Amino acid sequence: MTPLCWKRFVWFCVCLILSHPAWSAGGIEIPGYAPATGVERSYRVQKATETDMSFWFDKSGALPVTMRGAFRQAMTVLSRDEDGMRVRWSLSADLPEGLAGLADSYQMNLLYRNSLTAYGTATLELETDLNGNPRDLSGVDQIVAHMREVAANGPGGVPAAGASAARQSGVYDIIAKLEANPLQIVAALVPEAQLLATGQSYKDETMDIGPASATSRDEDYGGVSVPVTSTWTLKSTDATAHTATLSLSEEADASAFSQSQQPAIANLMTGFAERAKNLTADQLAFLKRASKSRSVELVVSLDDGSTLEASEIVTVEAGGTRLRTYTHIQREDMPASLPLPAVLTAKDLQAPDLHIEPLPSAKAGPGILDELSTPTAPQEAAIAADNDGAKAIAPVSLEVKSAEITLSPVSYDHGLNIVLTPESAATFRDFTQAVLGRQTQMLINDKVVMEPWMREPIMDGRIVLAGTDRKDLEAMAEQLRVPGAKILVRLRP
């Protein structure tokens, strides 16, 4: 072989090596996660939830109720050292281009817009480990202070009906949980960070295509330790795109997970007492079983180890209900390669009949964290109310199944536990979904007894009245024990 031919042969081999995944004696090497700093990456995010409660409404085969959302979020790695990274997420509830006229089909966006208003920010700065897993959050004090102000004064500074109304609405309970674990803010506003980190490792990994490797860990569910088995598989590589596709399947131990869900199942059965008392032994045994599984596919760059695309499905079954969540994330500068679940692209959905009123914002402009000293420009979080005014939502009359005075094991305060009939529980669920973010009134015998802000839908047909003198609670209980007793719930005039 002549010197010129030899050089050409060597150059061909070099090019061949550079255009394929890194091969080693043990398989394919996936590089450690090494993102560029100061570069903003935009992600297209699609989500959906399917809720199937047809068992309780005796409608076997009915389609699950579906809610979905589509978002465009941006992430920048601000700094990186041997201990971890500082990452900034810029968040938006706006529908991506091409979907702007489909707001009614993407109700999650309307709920997420209210979440950004409630938390008072459209940006988050995270401290993460070297894989990108969030481990701390900057500006927690500002977020909590904003939420306390909202709890005291109402969204947009509209005064609430006294401090007791805010306590009854559960806002202060949420604030206490956020103070105890600020990462719940991350889980609420940018769960994408955790999903992307699932496919990233700061260490080089060598894998073979095909064989599965399993690991296990324990997760805490309400004080019950639940073993979870994780199985990883390298499915394929793409030499042209220089990517690897990984799959992860996780299964919670059925026995331990079922044990952890018994309190929630018991509450659900209480809410549907009429239906529950007519169930067979096999049906009751079925109700007490619970399961949780997770399926993830990840496309990882063979250049810097970053997750370019991820698709996740989580399924939880307990107490005769099934909740399934879908998430798909794609970095916008990279082509999509994973198939989208049909629920994310379907034109016709069995969606809940909601009218989601936007929370009024006290100020339009940057979020409260945007003054942190970072190189990224702030993103505005202007959330305006509908100029045509809110659509009227009719009051609902709810029939009471039972009303009992109980003592809280936590606060040692007495409360009135009200359980609605199954039909009224369904009516109340629809009402609370429709009035999210708004202040309501509850009336017994034409007297207002509670004025809570509706922060989340009430699904189980249970209402708790607290913060009132015990004698007053007992008087209300007597009124509600009369056959045919009803409660009126309406928007606060």
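**Helix H13, Thr327 and aromatic contacts**

In helix H13 of this predicted model, the buried residues are Pro422, Ser424, Ala425, Ala426, Phe428, Arg429, Phe431, Thr432, Gln433 and Ala434. These make up 10 of the 13 residues of H13, and the helix is accordingly described as mostly covered. H13 comprises residues 422-434, for which a rise of 1.5 Å a residue gives an expected span of 18 Å. The C-alpha atoms at the two ends of H13 are 19 Å apart, which agrees with that expectation. In general, an α-helix has 3.6 residues a turn, so residues three or four places apart point the same way.

Threonine 327 belongs to strand E14, which covers residues 321-331. The relative accessible area of threonine 327 is 14%, and the residue is therefore classed as buried, the cut-off being under 20%. When residues up to four places away in sequence are not counted, threonine 327 touches Gln46, Lys47, Leu195, Ala310, Ser311 and Glu312.

The aromatic rings were examined next. Five aromatic pairs were counted with the ring-centre criterion. In one of them, formed by phenylalanine 55 and tryptophan 56, the ring centres are 5.5 Å apart and the planes meet at 85°, so the arrangement is edge-to-face; the cut-off for this class is over 60 degrees. Both partners are buried, phenylalanine 55 with a relative accessible area of 17% and tryptophan 56 with one of 3%. A further aromatic pair consists of phenylalanine 71 and tyrosine 112, again edge-to-face, with 5.2 Å from centre to centre and 70° between the planes. Phenylalanine 71 is part of strand E4 (residues 65-80) and tyrosine 112 is part of helix H2 (residues 107-119), so this pair ties together parts that are 41 residues apart in sequence. Phenylalanine 71 counts as buried at 3% relative accessibility, as does tyrosine 112 at 8%.

Ring pairs also join Phe55 and Trp56 with Phe286 in a cluster. Phenylalanine 55 has a charged neighbour as well: the charged end of arginine 275 sits over the ring of phenylalanine 55, at 4.8 Å from the ring centre. A similar arrangement involves arginine 68, whose charged end sits over the ring of tyrosine 106, 4.7 Å from the centre of that ring. Arginine 68 falls within the residue range 65-80 of strand E4, the strand that also holds phenylalanine 71.

Technical notes. Residues numbered from 1 in each chain as written. Predicted model: local features only at pLDDT ≥ 70, side-chain atom pairs only at ≥ 80, totals over all residues. Heavy atoms only, no water. Helix = DSSP H or I, 4+ residues; strand = E, 2+ residues; numbered from the N terminus. Expected span 1.5 Å × (residues − 1). Buried < 20%, exposed > 50% of the residue type's maximum accessible area, 1.4 Å probe, protein only. Contact = heavy atoms within 4.5 Å. Phe/Tyr/Trp six-rings, centres within 6.5 Å; stacked < 30°, edge-to-face > 60°. Lys NZ or Arg CZ within 6 Å of the ring centre and 35° of its normal.
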